[in-house]
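Q: I'm new to this one. Could you take me through its pockets up close, and then show me what else is worth a look around them?

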Amino acid sequence: MIVITTPTGQIGSRLLEILLDEPRTRGEELRVIVRDPGKLPDAVRARVDVVTGSHDDAEVVDRAFAGADAVFWLVPSHPQVPSLDAMYSGYTRAAAKAFTTHGVGHVVGVSALGRGTPVAGRAGHVTASLAMDDLIAGTGVAYRALANPTFFDNLLWQVASIRDHGVFTETVAADRKAPRAATRDIAAAAAGLLLDRSWTGTDEVPVLGPDDLSPNDLARIMSDVLGRPIRYERQTLDDFRTALAGRGMEDAIAQGYLDMMRAKEDGLDDGVRRTPQTASPTTFREWCEQVLRPAVQG
């Protein structure tokens, strides 16, 4: 039994598609934890065991992890929780206890790059995510943390600005190169680990994308693919804070994003060397052609 959290999210939904399509040589069944089963496509819902509820609920994870061999763990965004600890480790504590209670052997979690860098302890959401990894690893399960950079898919939040004004914003310098990856590649990495399970102990699995890219690189490639000029505008951290507050985000969570973006500017994502094992295949151009352009044209 493989249990998947966030099966309707960007990564979880793609992971579920992969696992439903891939041959499961050990005959694993799939179980999902979802707040609203109606958000699952009918064809998917018919092929998985559904546990309804939130995966921070002790009763829900107790039911979901019974008989489970492996779990895909992803903490959803909670803009109105009081602290980063509550958002990550607090959300995970009931599950960590259930891993032990039910003898779950393997857990694959979505986390972030930055461990071992000088800024890891002051990187907001990333610092909290790394603490969550330590909490899970402390249960004794075999654990792999998918250590991710910024997602290509975050640009989908700015589709309207890209379409209507030809502009996207971030807070890093225009020429600051860093790894970036597609969420579908993160899902593929998770699927490989969940289906293999020959691994033991605790480790990170970086998903770095094929190239380091700067915002200027993104603008150039988006312009080529969309057939119109797209430019980058660097946003100040104060303006970023104001935008987050406008979305109703609690101060502690907003501050966590500011600290994370400041740490990225200072090298948070630069601590892992790209190799054939840490690179992921989807290029930014491919992602723009297959994901961004249809979203902008739609």
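**A look at the pockets**

A: Let's start with the second largest pocket, which has a volume of about 220 Å³ in this predicted model. It is lined by 15 residues, and T6, T8, V34, R35 and H55 are the ones closest to its centre. Sort that lining by class and you get five nonpolar, seven polar and three charged residues.

Now for the largest pocket, which holds about 1,500 Å³ of space. Here 50 residues make up the lining, with F151, N154, W157, Y257 and M260 closest to the centre. The split by class is 28 nonpolar, 16 polar and six charged residues.

Next, a small sheet. Strands 7, 9 and 11 make an open sheet in the order 7-9-11, with mixed pairing. Strand 7 (150-151) and strand 11 (212-213) are at the edges with a single partner strand each, so one side of each has no neighbour in the sheet. Strand 7 pairs with strand 9 (residues 178-181) in the parallel sense, over two bridges, and T150 sits opposite R180 in strand 9.

Finally, let's turn to R31, which is part of strand 2 (residues 30-34). Is R31 buried or exposed? R31 counts as buried, because its relative accessibility is 10% and the cut-off for buried is under 20%. A polar atom of the R31 side chain lies 2.9 Å from the backbone oxygen of A66. Leaving aside residues up to four places away in sequence, R31 touches M1, I2, V3, I4, D49, V51, R63, A64, F65 and A66.

How values were computed
Residues numbered from 1 in each chain as written. Predicted model: local features only at pLDDT ≥ 70, side-chain atom pairs only at ≥ 80, totals over all residues. Heavy atoms only, no water. Pairing = 2+ DSSP bridges. Helix = DSSP H or I, 4+ residues; strand = E, 2+ residues; numbered from the N terminus. Buried < 20%, exposed > 50% of the residue type's maximum accessible area, 1.4 Å probe, protein only. Polar contact = N/O pair within 3.5 Å; in protein donor to acceptor, adjacent residues only side chain to side chain. Contact = heavy atoms within 4.5 Å. 1 Å grid on protein atoms, 1.4 Å probe; cavity = no way out; pocket = protein on both sides within 12 Å on 5 of 7 lines; lining within 4 Å. Points joined across faces, edges and corners; volume = space filled by probe spheres on them. Nonpolar A, V, L, I, M, F, W, Y, C, P; charged D, E, K, R; others polar.
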